[in-house]
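Let's work through a few exercises on a structure you haven't met before. Have a look at it first, then try each task before reading its solution.

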Amino acid sequence: MTSSSITAEGIVVEFPIYENSHRSLKKAVLNLTTGGRIGQDAGRHPVVRAIDEMTFGFSDGERIGLVGHNGSGKTTLLRTLTGVYEPVRGKLKVRGRIASLLDVSMGLDPDATGFENIYLRGILDGLKPAHIRSKVDEIADFSDLGDYLNLPVRTYSSGMMLRLAFSMSTSIEADILIMDEWLSVGDADFKAKAAQRLETLVGNASIVVVASHEPELIQRVCTRKISIEHGRIVADEPVVPKVSADDSDVPAGSEVPDLSAASTASRSAA
């Protein structure tokens, strides 16, 4: 079995601005309010460089946490890894099936029923009809929406819509999991089983890339932390598990349990 990997060599992602924005004052404001850098493309249009000459490699077993201020380029990088954006320069090679949890509600058709949306999402994910049919009952049971799945999604509350979207998005098996913050949806009961399902999904994935503003999440889930500023990597370091006072009596050489260690063990056993 081929191991999963992501390799980037000097990738650049730019967004051209096709409007009358050549005025120096507007450029100055954009420079201050965006994480990217303002330049010009070949057609002399202003462009925002959201990802600036990034080079990195993610290999099987790694859990990567992306950190940085709003607008630093974290979400743009995640979308680039999933194929939403294509680098204008550089090379990006992804080996393995990707599951994206960036926008779980993406693609929901409000006029289609819940069941119809399950099929539509499966088609968008590139699944064959037979595989989609094999997942319908599992998704329906997990969502706890019952007969509402026979009704148009526009009749759902926002919470019901998120439950359906989460159930669909987390039902697929993937080698590489891409997340923007840790998902938490529904009422207390649904949140509990959603959290358990998400941790199982993370544990089974070969590579996990998550962007977050929560240091505790990075510490608990990740084995590696990458800091991004203005579209560039400014730090790339391992995440060292913290040992609390309660762990002071753990014998030397014993490992402190965490999600990243558990996931590696489960894949080795498989």
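Where does Leu66 stand in its strand pairing: opposite which residue in β9? Leu66 stands opposite Ile226 there. Keep in mind that this is a predicted model.

**Exercise 1. Lay out the sheet around that pair.**

Step 1: Start with β4 (residues 63-67) and β9 (residues 224-229), which run parallel and share four bridges.
Step 2: Widen the view to the whole open sheet, six strands ordered β6-β7-β8-β4-β9-β10 with mixed pairing.
Step 3: Find the edges, β6 (98-101) and β10 (232-238), each pairing on one side only.
Step 4: Check the twist, which averages 15° from one strand to the next.
Step 5: Add helix α6 (residues 188-204), which packs on the sheet and touches β4, β6, β7 and β8. Its direction makes about 135° with that of β7.

**Exercise 2. Work out why helix α2 (residues 74-81) counts as largely enclosed.**

Step 1: Pick out its buried residues: Lys74, Thr76, Leu77, Leu78, Thr80 and Leu81.
Step 2: That's six of the eight residues in α2, so the rest of the structure largely encloses this helix.
Step 3: Look just past α2 and you'll meet Gly83, with a positive phi near 95°.

**Exercise 3. Explore the nonpolar cores.**

Step 1: Take the largest core, with 40 residues; Leu101 is one of the members touching the most others.
Step 2: See who supplies it: β6, α4, α5, β7, α6, β8 and α7 each give at least two residues.
Step 3: Follow Leu101 beyond its neighbours within four places in sequence, and its contacts include Leu177, Met179, Leu198 and Leu201.
Step 4: Now find another core, apart from the largest one, with 20 residues, among them Leu66 and Leu77.

Methods:
Residues are numbered from 1 along each chain as its sequence is written. This is a predicted model: local features need pLDDT of at least 70, side-chain atom pairs count only at pLDDT 80 or more; totals for chains, interfaces and linings use all residues. Side-chain values use heavy atoms; hydrogens and water are left out. Two strands pair if DSSP finds at least two bridges between them. Axes are lines fitted to C-alpha atoms, for helices over the stretch in contact, and angles run from 0 to 180 degrees between N-to-C directions. Contact means heavy atoms within 4.5 Å. Buried means under 20% relative accessible area, exposed over 50%, partly exposed in between (1.4 Å probe, protein chains only). A nonpolar core is a set of buried Ala, Val, Leu, Ile, Met, Phe, Trp, Tyr and Cys residues joined through side-chain atoms within 4.5 Å.
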